[in-house]
Amino acid sequence: MKIVKTTDKTFQQQALDLALHVFMQFEATDYSDEGIEEFKRSLQNPAYIDNLCYYIAIEQEEVIGMLATRNKGSYIALLFVDAQWQRKGVGRNLIEFALED
(Lines give C-alpha, C1' and ligand atoms only; values in the text may rest on other atoms or scores of the structure.)
Protein backbone atom coordinates (compact mmCIF):
# COMPACT_ATOMS: atom_id res chain seq x y z
CA MET A 1 0.00 0.00 0.00
CA LYS A 2 1.22 3.47 -0.90
CA ILE A 3 -0.13 6.72 0.56
CA VAL A 4 0.22 9.99 -1.31
CA LYS A 5 -0.96 13.55 -1.14
CA THR A 6 -2.50 14.39 -4.50
CA THR A 7 -3.69 17.32 -6.55
CA ASP A 8 -4.45 15.03 -9.49
CA LYS A 9 -8.12 15.53 -10.39
CA THR A 10 -8.52 11.91 -11.54
CA PHE A 11 -7.30 10.55 -8.21
CA GLN A 12 -9.40 13.12 -6.36
CA GLN A 13 -12.52 11.98 -8.22
CA GLN A 14 -11.70 8.34 -7.49
CA ALA A 15 -11.35 9.28 -3.81
CA LEU A 16 -14.72 11.04 -3.83
CA ASP A 17 -16.31 8.05 -5.59
CA LEU A 18 -14.89 5.78 -2.88
CA ALA A 19 -16.23 8.11 -0.18
CA LEU A 20 -19.73 7.96 -1.64
CA HIS A 21 -19.61 4.18 -2.07
CA VAL A 22 -18.46 3.54 1.50
CA PHE A 23 -20.91 6.13 2.86
CA MET A 24 -23.81 4.42 1.11
CA GLN A 25 -22.62 1.00 2.28
CA PHE A 26 -22.08 1.80 5.96
CA GLU A 27 -23.43 5.22 6.94
CA ALA A 28 -26.49 6.02 4.85
CA THR A 29 -28.81 3.85 6.97
CA ASP A 30 -28.32 6.32 9.84
CA TYR A 31 -29.26 9.33 7.68
CA SER A 32 -32.56 10.68 6.42
CA ASP A 33 -33.15 10.83 2.68
CA GLU A 34 -32.43 14.57 2.87
CA GLY A 35 -29.15 13.91 4.71
CA ILE A 36 -28.05 11.41 2.09
CA GLU A 37 -28.85 13.85 -0.72
CA GLU A 38 -26.96 16.63 1.07
CA PHE A 39 -23.89 14.40 1.41
CA LYS A 40 -24.08 13.57 -2.30
CA ARG A 41 -24.43 17.27 -3.18
CA SER A 42 -21.42 18.17 -1.05
CA LEU A 43 -19.27 15.67 -2.99
CA GLN A 44 -20.28 17.41 -6.23
CA ASN A 45 -19.94 20.99 -4.99
CA PRO A 46 -16.79 22.60 -6.44
CA ALA A 47 -16.79 25.26 -3.71
CA TYR A 48 -16.40 22.44 -1.19
CA ILE A 49 -14.30 19.75 -2.91
CA ASP A 50 -11.84 22.13 -4.55
CA ASN A 51 -10.80 23.46 -1.14
CA LEU A 52 -9.89 20.07 0.29
CA CYS A 53 -6.42 18.58 0.58
CA TYR A 54 -6.53 14.95 -0.55
CA TYR A 55 -4.54 12.00 0.74
CA ILE A 56 -5.13 8.62 -0.85
CA ALA A 57 -4.11 5.07 -0.14
CA ILE A 58 -3.37 3.07 -3.27
CA GLU A 59 -2.94 -0.66 -3.73
CA GLN A 60 -2.15 -1.97 -7.22
CA GLU A 61 -3.23 1.33 -8.85
CA GLU A 62 -6.61 1.27 -7.06
CA VAL A 63 -7.71 3.85 -4.49
CA ILE A 64 -8.52 1.86 -1.35
CA GLY A 65 -8.77 4.71 1.14
CA MET A 66 -9.00 8.46 1.28
CA LEU A 67 -8.68 11.30 3.72
CA ALA A 68 -9.45 14.91 2.92
CA THR A 69 -8.65 17.85 5.16
CA ARG A 70 -9.60 21.50 5.13
CA ASN A 71 -8.55 24.64 6.99
CA LYS A 72 -4.86 24.02 6.25
CA GLY A 73 -5.04 20.49 7.61
CA SER A 74 -6.64 21.36 10.92
CA TYR A 75 -9.92 19.55 10.17
CA ILE A 76 -10.58 16.08 8.76
CA ALA A 77 -13.46 16.58 6.34
CA LEU A 78 -13.66 13.04 4.91
CA LEU A 79 -12.13 9.69 5.87
CA PHE A 80 -13.25 6.52 4.12
CA VAL A 81 -11.68 3.11 3.55
CA ASP A 82 -12.95 0.44 1.16
CA ALA A 83 -14.76 -2.37 3.01
CA GLN A 84 -12.23 -5.07 2.18
CA TRP A 85 -9.40 -2.88 3.52
CA GLN A 86 -11.01 -1.84 6.79
CA ARG A 87 -9.32 -2.92 10.03
CA LYS A 88 -5.98 -3.27 8.26
CA GLY A 89 -4.44 0.06 9.27
CA VAL A 90 -5.32 2.03 6.15
CA GLY A 91 -7.24 4.75 8.00
CA ARG A 92 -4.57 5.03 10.69
CA ASN A 93 -1.84 5.29 8.06
CA LEU A 94 -3.77 8.00 6.22
CA ILE A 95 -4.12 10.01 9.43
CA GLU A 96 -0.45 9.59 10.33
CA PHE A 97 0.64 10.60 6.82
CA ALA A 98 -1.57 13.71 6.92
CA LEU A 99 -0.26 14.66 10.37
CA GLU A 100 3.33 14.39 9.17
CA ASP A 101 2.49 16.56 6.15
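Where is the place of E61? The views below take up this residue and others in a predicted model.

**View A. E61 sits in a loop between two strands.**
The loop that holds E61 lies between strand 2 and strand 3. Phi of E61 is near 65°, a positive value, and E61 is not a glycine. Most residues other than glycine have a negative phi. E61 counts as exposed because its relative accessibility is 66%, and exposed means over 50%.

**View B. N71 is found in the loop between strand 3 and strand 4.**
N71 is not a glycine either, yet its phi is positive, at about 55°. With 53% relative accessibility, N71 counts as exposed. The cut-off for that word is over 50%.

**View C. Four strands form an open sheet.**
The order of the strands in this sheet is 1-2-3-4, and their pairing is antiparallel. At the edges are strand 1, residues 2-6, and strand 4, residues 75-81. Each of these edge strands pairs on one side only. From one strand to the next, the twist averages 20°.

**View D. Strand 3 and strand 4 are joined by six bridges.**
Strand 3 covers residues 62-70 and runs antiparallel to strand 4. One residue to look for here is L67, which stands opposite L79. The latter, L79, belongs to strand 4.

**View E. Helix 4 lies across the strands of the sheet.**
Residues 90-100 make up helix 4. The strands that helix 4 lies across are strand 1, strand 2 (53-59), strand 3 and strand 4. Relative to strand 3, helix 4 runs at about 45°.

**View F. I76, L79, I95 and L99 make a nonpolar surface patch.**
The area of this patch is about 340 Å². Strand 4 and helix 4 are the elements that give two or more residues to the patch. L79, a member of the patch, is also the residue opposite L67 in View D.

**View G. L99 is a patch residue in helix 4.**
Is L99 buried or exposed? L99 counts as exposed, because its relative accessibility is 68% and the cut-off is over 50%. The helix that holds L99 is helix 4, which lies across the four strands shown in View E.

Definitions and conventions. Residues are numbered from 1 along each chain as its sequence is written. This is a predicted model: local features need pLDDT of at least 70, side-chain atom pairs count only at pLDDT 80 or more; totals for chains, interfaces and linings use all residues. Side-chain values use heavy atoms; hydrogens and water are left out. Two strands pair if DSSP finds at least two bridges between them. Axes are lines fitted to C-alpha atoms, for helices over the stretch in contact, and angles run from 0 to 180 degrees between N-to-C directions. Contact means heavy atoms within 4.5 Å. Patches are made of residues with over 30% relative accessible area and no salt bridge: like charges are joined within 9 Å, nonpolar side chains (Val, Leu, Ile, Met, Phe, Trp, Tyr) within 5 Å. Accessible areas come from the Shrake-Rupley method with a 1.4 Å probe; for residues, only the protein chains shown count as cover. A salt bridge is a side-chain nitrogen of Lys or Arg within 4 Å of a carboxyl oxygen of Asp or Glu. Buried means under 20% relative accessible area, exposed over 50%, partly exposed in between (1.4 Å probe, protein chains only).
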